[in-house]
Amino acid sequence: FIESRAWITTIKYWLHLHFKSNYNSLTAHLLADPYISTWSKDILHKIKAMGIDLDSLYNYGEAVILQVIRRRIWDMEAQTINAGINGVCSPRFFALSPPQTSMAAYICNLTNPYHRRAFMLARFNLFPSAVVTGRYKGIPYRDRTCNCLISEPDSVAHILLRCPLYSTLRNTLISPFLPSQSHANDSDLKILLSDKCPTLTLAVAEFLAYVWKLRVRNY
């Protein structure tokens with residue numbers, strides 16, 4: 001997403017220079033020079049890689065060209081997201097649908113960087129845990145258990161919903177937002193990570209940041 005926005009901003013500025021530079025300005029003279037800068041080469045290569053023919057669009061003007069490029073970049077971004085729909089390290093793993101043309105709300109709403117990082121890691125199924133550690137060490141999933149009394153994999157759902165090690169903190173921060181008091185239903189996980197309610201997102205982020213602080217030596 002960030003790379004896509006960076007490309008759109010860069011190409012927008014590049015097009016603006018070509019279409020809006022005063023005829024007698026230094027910029028116009030530099031652009032008229034047959035030498036092509038590395039910056040322009042990278043942009044032209046990117047546009048060509050997207051299958052866009054600038055020559056055929058030139059007469060339509062700056063706005064139309066930018067619209068075509070912007071739509072193509074977001075289409076490619078959507079394809080990338082959909083390609084990882086079944087990936088382990090993806091919000092889609094929890095049936096969450098990340099925004100395709102704007103930043104996720106928590107990136108701006110969570111002003112504490114520790115809260116923001118903890119919430120992001122949970123949404124991407126990368127929160128420090130025995131499940132993540134086992135993923136890279138080749139440990140069978142059933143053996144990636146938590147150190148608590150519940151014999152189940154140390155997943156994000158386990159940490160947020162069931163682990164007795166954090167029951168006091170969970171009852172304070174998370175329980176008031178859940179429709180179920182059993183905390184055994186993994187469907188509650190989607191509610192906690194949905195990022196639709198800033199107050200809930202902050203509570204979950206505070207919970208995760210505290211748990212991460214406790215776990216930092218183990219994972």
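In helix 7 of this predicted model, the buried residues are His115, Ala118, Phe119, Leu121, Ala122 and Arg123. These buried positions pack against four other helices: helix 6 (105-109), helix 9 (156-162), helix 11 (187-193) and helix 12 (198-215). Helix 7 itself covers residues 113-123. At its start, a side-chain oxygen of asparagine 112 comes to within 2.8 Å of the backbone nitrogen of tyrosine 114. Just after the helix, asparagine 125 adopts a positive phi of about 60°.

Alanine 122 is a useful residue to follow from here. It belongs to helix 7, and its relative accessible area of 0% falls under the 20% cut-off, so alanine 122 counts as buried. Setting aside neighbours within four places in sequence, alanine 122 is in contact with Phe94, Phe127, Val156, Leu193 and Leu208. The C-alpha atoms of alanine 122 and leucine 160 are 9.5 Å apart in space, while the two residues are separated by 38 residues in sequence.

Among the helices that helix 7 packs against is helix 12. The angle between helix 7 and helix 12 is about 90°, and their axes are 8 Å apart. An angle of this value lies in the range 65 to 115 degrees, so helix 7 is described as roughly perpendicular to helix 12. On the helix 7 side, the contact is made by Tyr114, His115, Arg117, Ala118, Phe119, Leu121 and Ala122. On the helix 12 side, the residues are Thr201, Leu202, Val204, Ala205, Glu206, Leu208, Ala209 and Trp212.

The next topic is the nonpolar interior. The largest nonpolar core has 34 residues, and those touching the most other members are Phe127, Leu160, Leu193, Phe207 and Leu208. Helix 7, helix 9, helix 11 and helix 12 each contribute at least two residues to this core. Helix 12 gives the largest share, with nine residues. A second core, separate from this one, holds 15 residues, including Ile8, Leu15, Met50 and Trp74. Leucine 160, one of the residues with the most partners in the largest core, touches Arg170, Ile174, Leu189, Leu192, Leu193, Val204, Phe207 and Leu208 when residues up to four places away in sequence are not counted. Leu193 and Leu208 also appear among the contacts of alanine 122.

Charged side chains come next. Side chains of opposite charge can pair when their charged atoms come close. In this model there are two salt bridges. One of them joins the side chains of glutamate 152 and arginine 162, with an N to O distance of 2.8 Å. Glutamate 152 sits in the loop between helix 8 (130-137) and helix 9, whereas arginine 162 is in helix 9, and the two are 10 residues apart. Both glutamate 152 and arginine 162 are buried.

The other salt bridge is formed by the side chains of aspartate 154 and arginine 215, again with an N to O distance of 2.8 Å. Aspartate 154 lies in the loop between helix 8 and helix 9 and arginine 215 lies in helix 12, so this pair ties together parts of the chain that are 61 residues apart in sequence. Are these two residues buried or exposed? Aspartate 154 has a relative accessible area of 0% and is therefore buried. Arginine 215, at 3%, is also buried because its value is under 20%.

Arginine 215 has further neighbours around this pairing. Its side chain makes a polar contact of 2.8 Å with the side chain of aspartate 154. Leaving out neighbours within four places in sequence, arginine 215 is in contact with Phe127, Pro128, Ser129, Cys146, Asp154, Ile159 and Tyr166. Phe127 is one of the residues that touch the most other members of the largest core, and Phe127 is likewise listed among the contacts of alanine 122.

Finally, the chain as a whole. The chain contains 12 helices and zero strands, and reading along the sequence gives the pattern α-α-α-α-α-α-α-α-α-α-α-α. Of its 219 residues, 39% are buried. Among contacts between residues at least 6 apart in sequence, 58% join residues at least 24 apart.

Technical notes: Residues numbered from 1 in each chain as written. Predicted model: local features only at pLDDT ≥ 70, side-chain atom pairs only at ≥ 80, totals over all residues. Heavy atoms only, no water. Buried < 20%, exposed > 50% of the residue type's maximum accessible area, 1.4 Å probe, protein only. Contact = heavy atoms within 4.5 Å. Polar contact = N/O pair within 3.5 Å; in protein donor to acceptor, adjacent residues only side chain to side chain. Salt bridge = Lys/Arg side-chain N within 4 Å of Asp/Glu carboxyl O. Core = buried A, V, L, I, M, F, W, Y, C linked by side-chain atoms within 4.5 Å. Axes fitted to C-alpha atoms, helices over the stretch in contact; angles between N-to-C directions. Parallel < 35°, antiparallel > 145°, perpendicular 65-115°, else oblique.
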